[in-house]
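Q: Please take a close look at the annotated domain of this chain. I should like a connected account of its backbone and of selected residues, set against the chain as a whole.

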Amino acid sequence: MSELQALFGGTFDPIHFGHLRPVEALAQQTGLQRVTLLPNNVPPHRPQPEASAAQRVDMLRCAIAGLPLFDIDTRELARDTPSWTVTTLEAWRAERGVAQPLGFIIGQDSLLSLASWHRWQDLLSLCHLLVCQRPGYATRFEAPEMQQWLNEHLAGDIRQLHQQPAGHIWLADTPLYNISATEIRRRRHQNLPCDDLLPPAVIDYIDREGLYRD
C-alpha cells in the first residue's frame with residue numbers, strides 16, 4: 001500500500017484537542033502516515049482572528065512538538081486573496097504527482113455543507129475526503145441527490161484509500177469532542193481555565209503572548 005497523506009485546514013485560533021485528537025484517531029484507523037496542518041488565510045473583509053497569522057502558526061508548532069504525525073504548510077497565509085480549498089489541493093496534487101494517495105480531512109458539518117463550496121464537484125478528482133464526526137450534526141444529507149453522491153463514493157475498505165490516489169469518502173469513527181475555539185476564547189476572556197481543552201504548550205504560549213485577553 002502507498003503512503004496516504006492528508007491535509008487538514010482550519011483557522012486554528014487557537015488549535016485545540018478538538019482538532020488534534022479526532023485526527024490522531026482517524027490516522028490510527030486508516031493507516032494515515034502524515035497530516036499537514038493548513039492554517040487558513042482570513043481575507044480582510046471577514047472577521048479577523050484574534051491571533052495573528054504568525055501567532056497561529058507558532059501555536060501549531062507548540063501543539064505538534066513531539067507528534068511526528070503532523071507537519072505544517074503555510075502557503076495559504078502567503079496569499080492576500082481568499083484561498084479556495086480546490087486550488088490548494090490542485091497545487092498539492094501537482095507537487096506530489098498523480099499516483100500519490102491524498103486525503104483532505106473535514107468535519108461532518110463541512111461534509112453536509114459541501115455543495116456550497118467553490119468547485120466542490122472537483123474535490124474527489126484530487127483527493128479522498130476523510131470525514132470526522134462532529135457532535136450534534138446529522139449523518140445524512142437532506143438533499144437526496146447529495147446523499148446518492150455520498151453513497152456512490154463511500155469507501156467500504158481502508159485499502160481503497162491507499163491503493164487509489166483520490167475519489168473516495170471515508171466516514172471515520174472518531175471520538176466526539178465538543179470543543180470550539182470560540183468557547184476557548186470566551187473562557188480566556190472571562191479568566192476561566194482551559195487546561196483540559198488544549199495542549200499545555202499552547203496554553204503557555206497564549207499566556208506569554210497575552211492572547212485572548214480583554
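A: The UniProt annotation "domain: Cytidyltransferase-like", taken from an unreviewed entry, covers residues 7-187. The model examined here is a predicted one. Over residues 7-187 the chain is 38% helix and 15% strand, and the C-alpha atoms at the two ends of this stretch lie 29 Å apart.

The chain as a whole provides the setting. It holds 9 helices and 6 strands. Its radius of gyration is 17 Å, close to the 17 Å that the globule rule gives for 214 residues, so the chain is as compact as a globular protein of that length. Along its principal axes, the C-alpha trace spans about 50 × 35 × 35 Å. Of the 214 residues, 47% are buried. Among contacts between residues at least 6 apart in sequence, 76% join residues at least 24 apart. The accessible surface comes to about 10600 Å², and carbon and sulfur atoms account for 48% of that area. The chain carries 19 positive and 25 negative charges, and the mean positions of these two sets are 1 Å apart.

Within the annotated range, the backbone at Pro14 deserves attention. Pro14 sits in the loop between strand E1 (5-10) and helix H1 (17-30). The peptide bond leading from Asp13 to Pro14 is cis, with omega near 5°. Most peptide bonds are trans, and most residues other than glycine have a negative phi.

Arg119 departs from the second of these tendencies: its phi is positive, at about 50°, although the residue is not a glycine. Arg119 is located in the loop between helix H4 (108-112) and helix H5 (123-126). With a relative accessibility of 31%, Arg119 counts as partly exposed, because it falls between the 20% and 50% limits for buried and exposed residues.

Two helical residues of the domain may be examined in turn. Thr88 belongs to helix H3 (residues 85-96). Its relative accessible area is 1%, so Thr88 is buried, the cut-off being under 20%. Residues up to four places away in sequence being set aside, Thr88 touches Leu7, Leu38, Arg75, Glu76 and Arg79. Among these partners, Leu7 has the number at which the annotated range 7-187 begins.

Gln160 lies in helix H7 (residues 159-163). Its relative accessibility is 22%, and Gln160 therefore counts as partly exposed. Beyond its neighbours within four places in sequence, Gln160 is in contact with His128, Ala155 and His168. One of these, His128, is 32 residues from Gln160 along the chain, and the C-alpha atoms of the pair are separated by 9.6 Å.

Past the annotated range, which covers residues 7-187, Asn191 offers a further case of unusual backbone geometry. Asn191 occupies the loop between helix H8 (181-189) and helix H9 (200-209). It has a positive phi of about 60° although it is not a glycine. Asn191 is exposed, with a relative accessible area of 59%.

Notes
Residues are numbered from 1 along each chain as its sequence is written. This is a predicted model: local features need pLDDT of at least 70, side-chain atom pairs count only at pLDDT 80 or more; totals for chains, interfaces and linings use all residues. Side-chain values use heavy atoms; hydrogens and water are left out. Helices (H or I, at least four residues) and strands (E, at least two) are DSSP runs, numbered from the N terminus. The radius of gyration is taken over C-alpha atoms; the globule rule is 2.2 Å times the number of residues to the power 0.38. Buried means under 20% relative accessible area, exposed over 50%, partly exposed in between (1.4 Å probe, protein chains only). Contact means heavy atoms within 4.5 Å. Accessible areas come from the Shrake-Rupley method with a 1.4 Å probe; for residues, only the protein chains shown count as cover. Lys and Arg count as positive and Asp and Glu as negative; His and the chain ends are not counted. The place of a charge is taken as NZ of Lys, CZ of Arg, CG of Asp or CD of Glu. UniProt positions are given in the numbering used here, feature names are shortened, and annotations may be inferred rather than shown by experiment.
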